[in-house]
Amino acid sequence: MLRWWSSVNPVSHLADAVRALLTGAPVGPHVWVTLAWAAAVTACFVPLAVRAYTRRIR
């Protein structure tokens, strides 16, 4: 049985959203939701990755 989330690829959604903004194509609310999701994930996980990386350097 194919689950609906198995066909969801957040990277391709983000690439499509950025491509739509860069080409000037009309964008719907789904593009803004995708970009907001990407910003939230980045804001949450980048500091954790930087902290883990700096611990390895020491």
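Biologist: Which residues in α1 meet which residues in α2?

Modeller: Contact here means heavy atoms within 4.5 Å. On that basis Pro-10, His-13, Leu-14, Ala-17, Val-18 and Leu-21 in α1 meet Val-31, Trp-32, Thr-34, Leu-35, Trp-37 and Ala-38 in α2. A word on the source: this is a predicted model, where local features need pLDDT of at least 70 and side-chain atom pairs count only at pLDDT 80 or more, while totals for chains, interfaces and linings use all residues. Residues are numbered from 1 along each chain as its sequence is written, and side-chain values use heavy atoms, with hydrogens and water left out.

Biologist: What counts as a helix, and what span should α2 have?

Modeller: Helices are DSSP runs (H or I, at least four residues), numbered from the N terminus. The expected span is 1.5 Å times one less than the number of residues. Helix α2 has 29 residues (29-57), so it should span 42 Å, and its end C-alpha atoms are indeed 42 Å apart. For α1, with 14 residues, the expected span is 20 Å, and its ends agree at 20 Å.

Biologist: Where does α2 bend?

Modeller: A bend at a residue is the angle between axes fitted to the seven residues ending there and the seven starting there. In α2 the bend is about 30° at Phe-45, and Pro-47 follows within four residues. As for α1, Gly-24 comes after it, with a positive phi near 80°.

Biologist: How do I read the angle at which α1 and α2 pack?

Modeller: Fit lines to C-alpha atoms, for helices over the stretch in contact, and take the angle between N-to-C directions, from 0 to 180 degrees. Here α1 and α2 pack at about 120°, with axes 9 Å apart. That makes α1 oblique to α2. The cut-offs are under 35 degrees for roughly parallel, over 145 for roughly antiparallel, 65 to 115 for roughly perpendicular, and oblique for the rest.

Biologist: Which residues of α2 are buried?

Modeller: Buried means under 20% relative accessible area, exposed over 50%, and partly exposed in between (1.4 Å probe, protein chains only). In α2 the buried ones are Val-31, Thr-34 and Ala-38, and they pack against α1 (10-23). Take Thr-34: its relative accessible area is 15%, so it is buried. Setting aside residues up to four places away in sequence, Thr-34 touches His-13, Leu-14 and Ala-17.

Biologist: And Val-33, also in α2: buried or exposed?

Modeller: Val-33 counts as exposed, at 57% relative accessibility. Its C-alpha atom is 9.4 Å from that of Ala-17, 16 residues away along the chain.

Biologist: What does Leu-21 contact?

Modeller: Leu-21, in helix α1, is in contact with Val-27, Val-31, Trp-32 and Leu-35, leaving aside neighbours within four places in sequence. At 35% relative accessibility, Leu-21 counts as partly exposed. Leu-21 and Val-31 are ten residues apart in sequence and 8.6 Å apart in space, C-alpha to C-alpha.

Terms used: Helices (H or I, at least four residues) and strands (E, at least two) are DSSP runs, numbered from the N terminus.
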